[in-house]
Amino acid sequence: MEEALQLPIIDLSSGDRISMATSIREACLDHGFFYLVNHGVEDELLQRVFDESRKFFSLPVAEKMKLSWKEHRGYTPLYAEKLDPTASSSTGDAKESYYIGPLAGNATETDLNRWPSRELLPSWRATMESFHNQALLVGRQIISLIAMALNLDETFFEKIGALNNPSAYLRLLHYPGDLRSLDEELLGASAHSDYGMITLLVTNGVPGLQICKKKYDQPRVWEDVCHIDKAFIVNVGDMMERWTNCLFRSTLHRVIPVGEERYSMAFFLDPDEDCVVECLQSCCSESSPSRYPPIRSGDYLKERLRLTYAS
């Protein structure tokens, strides 16, 4: 195990957008990860999301399974997915989760989300919708800065339709704390890179997140990502790596058991499903031609999810 990694810190309250974009470029070239502070999401709201998440995951399994995963929304139980199909463990990842997709008003499709009953969790839906909306606003700001970091107009991704009806998913995650003694090879989240544009992650402070900067090297070297209170941990996904012709790196990461119960929430901001992802002109040349053919965003994400849950 290496010592804890020092990730770049981006202050979203800074008025110097050029400086922020430059720092994000450096972070995406080197780590694919950075911290985001002063993002504008209230501390009280973050605490309410964690409180409501804890209430849901504390329910009996039978109650949670009434809202089981459908149309990429709802509850997934322990061991339901295995993010790294090559991992030595014969079981899936030791976590349970709950997906909340695009909200009514953010997308043209019917709201397919599954919500716990108000009788059971009266404040749950309103809390999650509030955080989802605020995280989407933060994500849009990051995307505009990433455009600048790529020497593009800050509205580039809006102009190509990526943010018309973005595929924005909130995933609540719970890692039980009493699994370490059962199987030393068991992981909370096995090694993977995220599939889409960017991910915003908030944790409750319990460690376990690690990244591997050189995903093709063996043996892999894992480094701990420290917690910064109230900060988002932002990372680039495979789709952004594909868009940038591998200039920006989509970094492998995992969550290891540490013997403590861990909660986190990940907000995945991905393009409109009809947006075509193809190599950006600023990221290719005669000496560095495009590595990937154009692909529709929705088709790409659908196939990646199919492979994850098929495994």
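Two strands count as paired here if DSSP finds at least two bridges between them. Strands (E, at least two residues) and helices (H or I, at least four) are DSSP runs, numbered from the N terminus.

Before going further, a word on the model: it is predicted, so local features need pLDDT of at least 70 and side-chain atom pairs count only at pLDDT 80 or more, while totals for chains, interfaces and linings use all residues. Residues are numbered from 1 along each chain as its sequence is written, and side-chain values use heavy atoms, with hydrogens and water left out.

Let's start with the sheet. It is open, has 4 strands in the order β6-β11-β8-β9, and pairs in the antiparallel sense. β6 and β9 are the edge strands, each pairing on one side only. Here are the pairings:

| Pair | Bridges | One bridge partner pair |
|---|---|---|
| β6 and β11 | 2 bridges | Ala-189 and Val-255 |
| β8 and β11 | 4 bridges | Gln-210 and Arg-254 |
| β8 and β9 | 2 bridges | Gln-210 and Asp-224 |

Strand β8 (residues 209-212) is covered on both faces: Leu-209 and Ile-211 on one side, and Gln-210 and Cys-212 on the other, are all buried. Buried means under 20% relative accessible area (1.4 Å probe, protein chains only).

Now for two helices. In α2 (residues 43-57), the buried residues are Leu-45, Leu-46, Val-49, Phe-50, Glu-52, Ser-53, Phe-56 and Phe-57. They cover an arc of only 165° around the axis, so they sit on the same side of α2; the arc is taken from the directions from the helix axis to the C-beta atoms.

Helix α4 (residues 124-149) has 26 residues and should span 38 Å at 1.5 Å a residue, which agrees with the 37 Å between its end C-alpha atoms. The expected span is 1.5 Å times one less than the number of residues. Just after α4, Asn-151 takes a positive phi of about 60°.

Finally, there's the second largest pocket, with about 450 Å³ of space. A pocket is an open set of points on a 1 Å grid over the protein atoms alone, where a 1.4 Å probe fits, with protein on both sides within 12 Å along at least five of seven lines; lining residues have an atom within 4 Å of a point. This pocket is lined by 21 residues, and Leu-83, His-192, Ser-193, Asp-238 and Arg-304 lie nearest its centre. β6, α6 and α7 each supply at least two lining residues, and α7 gives the most, with 4 residues.

Key:
Points joined across faces, edges and corners; volume = space filled by probe spheres on them. Buried < 20%, exposed > 50% of the residue type's maximum accessible area, 1.4 Å probe, protein only.
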